[in-house]
Amino acid sequence: ALALASLVFATKECETRRQKVRAESQRAEARREGASAALARGDVLEARAKLRLSLQTRDSTLARLLWWRLSRVPQVWSLRPGHIIYNVDYSPDGRLVAAARSDGTLFLFDSQSAATRRVIRGFTSYLHAVAFSPDGRHLATGCTDGEVRLWDARTGKPLHVMTGLSTHIWTLRFSPDGRYLSAGSYEPQVYIWEVSSGKAARVIRGHKKMVVSVAFSPDSRTL
């Protein structure tokens, strides 16, 4: 009787282990399939996260093959914010990505995780241009109604409203020394403002059509 009881106990214990293994295999398979689906729709971060959990739960050849595929995908992350993104810029230290959205919203994303670090609202029209200053302390934005603003990149507080332009801002560029901000717009002229005061330092005229791009020389002396 004792031997029979021991055999029954061992059989139940063995069945319990088998059920546990099956459950783990099913969870690992579900996570692997989820990772595969995430990769198919272009969400690399989610695919990597789910596949990592799958491999931690149970190793498999299929999961390792999928991990090999993911390791060769250069994309770090992808977002679909629901509105048109007109312009993006990296902070000088590479930690943030600023994105100008068509609904007049500025997003600051973590460059590694895609997490939203700050959202700046209150623009008067579509937000079309964005630029970080060379030291990363300031952030410039330009709208389709000609409004150019300067922000504190760390706090999101407004610093200056640059005046002079009244039409679509195409591009913004800080001088390498960080002293000036220039803008190109639908107007056939280029405005240059002082960053410290927000006041216009110079207006360059002579273009026959709109100015869609501007660039400073490395020494900040030529535009």
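1. Two strands are taken to pair if DSSP finds at least two bridges between them. With that in mind, the reader of this predicted model may begin with strand β1 (residues 85-90) and strand β2 (residues 96-101), which run antiparallel and are joined by five bridges. Within this pairing, I85 stands opposite R101 in β2. The hairpin that β1 and β2 make has five residues between the strands, and in it G94 takes a positive phi near 80°.

2. A further antiparallel arrangement is the open sheet formed by four strands, whose order is β9-β10-β11-β12. Its edge strands are β9 (169-174) and β12 (200-205), each of which pairs on one side only. On average, and with direction ignored, neighbouring strands of this sheet are turned by 20° against each other. Looking at one pairing in detail, β9 is joined by five bridges to strand β10 (residues 180-185), and the two run antiparallel; here I169 stands opposite S185 in β10. As a general point for reading such sheets, the side chains of a regular strand alternate between the two faces of the sheet.

3. Helix α2 covers residues 44-57, and its length can be checked against expectation. Because 14 residues at 1.5 Å a residue should span 20 Å, and the end C-alpha atoms of α2 are 20 Å apart, the two values agree. The buried residues to note in α2 are V44, A47, L51 and S54. Seen down the axis of α2, its buried residues fall within an arc of 85°, and therefore they line one face of the helix.

4. Salt bridges deserve a point of their own, since a search of the whole structure finds seven of them. Three residues, R41, E46 and K50, are linked in a network of such bridges. On one side of this network, the side chains of R41 and E46 meet with N and O 2.9 Å apart. On the other, E46 forms a salt bridge with K50, where the closest N and O atoms are 2.8 Å apart. Both E46 and K50 lie in helix α2, four residues apart, which is about one turn of the helix.

5. How exposed are the members of that network? R41 counts as partly exposed because its relative accessibility is 46%, a value that lies between the limits of 20% for buried and 50% for exposed. K50 is likewise placed as partly exposed, with a relative accessible area of 30%. E46, which bridges to R41 and to K50, has a relative accessible area of 23% and is therefore partly exposed too.

6. Another salt bridge is set in different surroundings: the side chains of R149 and E147 meet at 2.9 Å, N to O, and both R149 and E147 are buried. A reader who has just looked at the partly exposed R41 may wish to view this pair next.

7. The last point concerns aromatic rings, where a pair is described by the distance of the centres and the angle of the planes. The count comes to four aromatic pairs. One of them is formed by Y191 and W193, with 5.6 Å from centre to centre and 25° between the planes. This pair is stacked, because planes under 30 degrees apart count as such. Both Y191 and W193 are buried.

Definitions and conventions
Residues are numbered from 1 along each chain as its sequence is written. This is a predicted model: local features need pLDDT of at least 70, side-chain atom pairs count only at pLDDT 80 or more; totals for chains, interfaces and linings use all residues. Side-chain values use heavy atoms; hydrogens and water are left out. A salt bridge is a side-chain nitrogen of Lys or Arg within 4 Å of a carboxyl oxygen of Asp or Glu. Buried means under 20% relative accessible area, exposed over 50%, partly exposed in between (1.4 Å probe, protein chains only). Axes are lines fitted to C-alpha atoms, for helices over the stretch in contact, and angles run from 0 to 180 degrees between N-to-C directions. The expected span of a helix is 1.5 Å times one less than its number of residues. The arc is that of the directions from the helix axis to the C-beta atoms. Rings of Phe, Tyr and Trp (its six-membered ring) pair if their centres lie within 6.5 Å; planes under 30 degrees apart count as stacked, over 60 as edge-to-face and the rest as tilted.
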